[in-house]
Amino acid sequence: MVEEEFTLASITDGLETSFIGRKVIYYPSLASTMLVARQEAQRGAAGGTVILAGEQTEGRGRVERTWLSPEGNIALSVILHPDVASLPYLIMIASLAVVHSIEAVTGLKTQIKWPNDILIDGKKVCGILIENEVKGNKAVYAIVGIGINVDLGPSDIAGISAPTTSLKAELGKKVLLADVVRHLLVEMERLYLTLPDGEPVFQAWRDKLVTLGKRVRVESGGTVLEGIAESVDGSGALLLRHTDGSSTRVVAGDVTLSDNK
Ligand code: BTN
């Protein structure tokens, strides 16, 4: 069977958005969409500009990790110009947009592991990385980087230490990358336009969190914390309740659920 060749038009033609994805800059191969997006943002790229890669050779994950993104998977960064007050909602919007697009295109059920890993059946299918440039009380730009494992095969997955999956592995058949990207951009814009009222986005994100109520281990800024993930607040921080009754508010970190998922 001849593999269908990717065309940018398969994403942009008839895309029903007013600003996200109006300009998509496609690179068959680049180091990281985050780097190119930052350069474009510094050169004054319009909000909603998307940097899309066929493959990344130096894909970046959170906390200095690498992100594997060979051809056939989604690697993109969206440049936005939000208000500072809207910055905490970007994680929630990106997570929900991924969840909605995967569920719409594949019918697969997804969950969010705090703060923004997307899981299918306890295995990571998507990671999100957000980088902001803030000066004073103004966000100069924000870059939302999204990597979705669409086509990652068993040998790639076997080389990743955390439980990992891909849409193809879960569905047992190929998923059209362009369909997922189109839904993703439409959903991101729809959710983004609900701001500055972040409450509906916050509630929808909280309701999808698989982490809440679970015993967790959180690695945050070089320390390891353990407890029950009790709640999240409106800024997206996690409230961890320890066995001695005390609590810690965690703003960023890496969560492992106690059942090892
Ligand atoms: C994580 O879970 O650690 C975050 C992974 C983020 C990966 C995406 S792929 C597109 C963008 N470019 C990168 O280099 N990283 C993000």
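How many residues line the largest pocket, and which of them lie nearest its centre? The largest pocket is lined by 40 residues, and those nearest its centre are Arg-65, Trp-67, Asp-117, Lys-124 and Ala-162, so select these five to begin, bearing in mind that a pocket is defined on a 1 Å grid over the protein atoms alone as an open set of points with protein on both sides within 12 Å along at least five of seven lines, and that lining residues have an atom within 4 Å of a point.

This is a predicted model, in which local features need pLDDT of at least 70 and side-chain atom pairs count only at pLDDT 80 or more, while totals for chains, interfaces and linings use all residues. Residues are numbered from 1 along each chain as its sequence is written, and side-chain values use heavy atoms, with hydrogens and water left out.

Stay with the pocket, which holds about 780 Å³ of space, a volume being the space filled by probe spheres set on the grid points, which are joined across faces, edges and corners. Next select β6 (123-135), which gives the most to the lining of the largest pocket, with four residues; strands here are DSSP runs of E with at least two residues, and helices are runs of H or I with at least four, numbered from the N terminus.

Now select the ligand, which sits in the largest pocket, meaning that more than half of its atoms lie within 2 Å of the pocket's grid points. Around the ligand there are 20 residues, and the closest are Ser-32, Gln-56, Arg-60, Arg-62 and Lys-124; to be counted, a residue needs a heavy atom within 4 Å of the ligand.

Three side chains deserve a label for their polar contacts, which are pairs of N or O atoms within 3.5 Å:

- Ser-32 has a side-chain N or O atom 2.7 Å from an oxygen atom of the ligand.
- Gln-56 has a side-chain N or O atom 2.9 Å from a nitrogen atom of the ligand.
- Lys-124 has a polar side-chain atom 2.6 Å from an oxygen atom of the ligand.

Taken alone, the ligand exposes 420 Å², and the protein buries 99% of that, with areas from the Shrake-Rupley method and a 1.4 Å probe.

Finally, move to the backbone. Most residues other than glycine have a negative phi, and most peptide bonds are trans. Select Glu-64, which is not a glycine but has a positive phi of about 65 degrees, and then Trp-114 and Pro-115, where the joining peptide bond is cis, with omega near 0 degrees.

Methods. A polar contact is a pair of N or O atoms within 3.5 Å; within protein, one must be able to donate a hydrogen and the other to accept it, and residues adjacent in sequence count only if both atoms are side-chain atoms. On a 1 Å grid over the protein atoms alone, a cavity is a set of points where a 1.4 Å probe fits but cannot get out, and a pocket is an open set with protein on both sides within 12 Å along at least five of seven lines; lining residues have an atom within 4 Å of a point.
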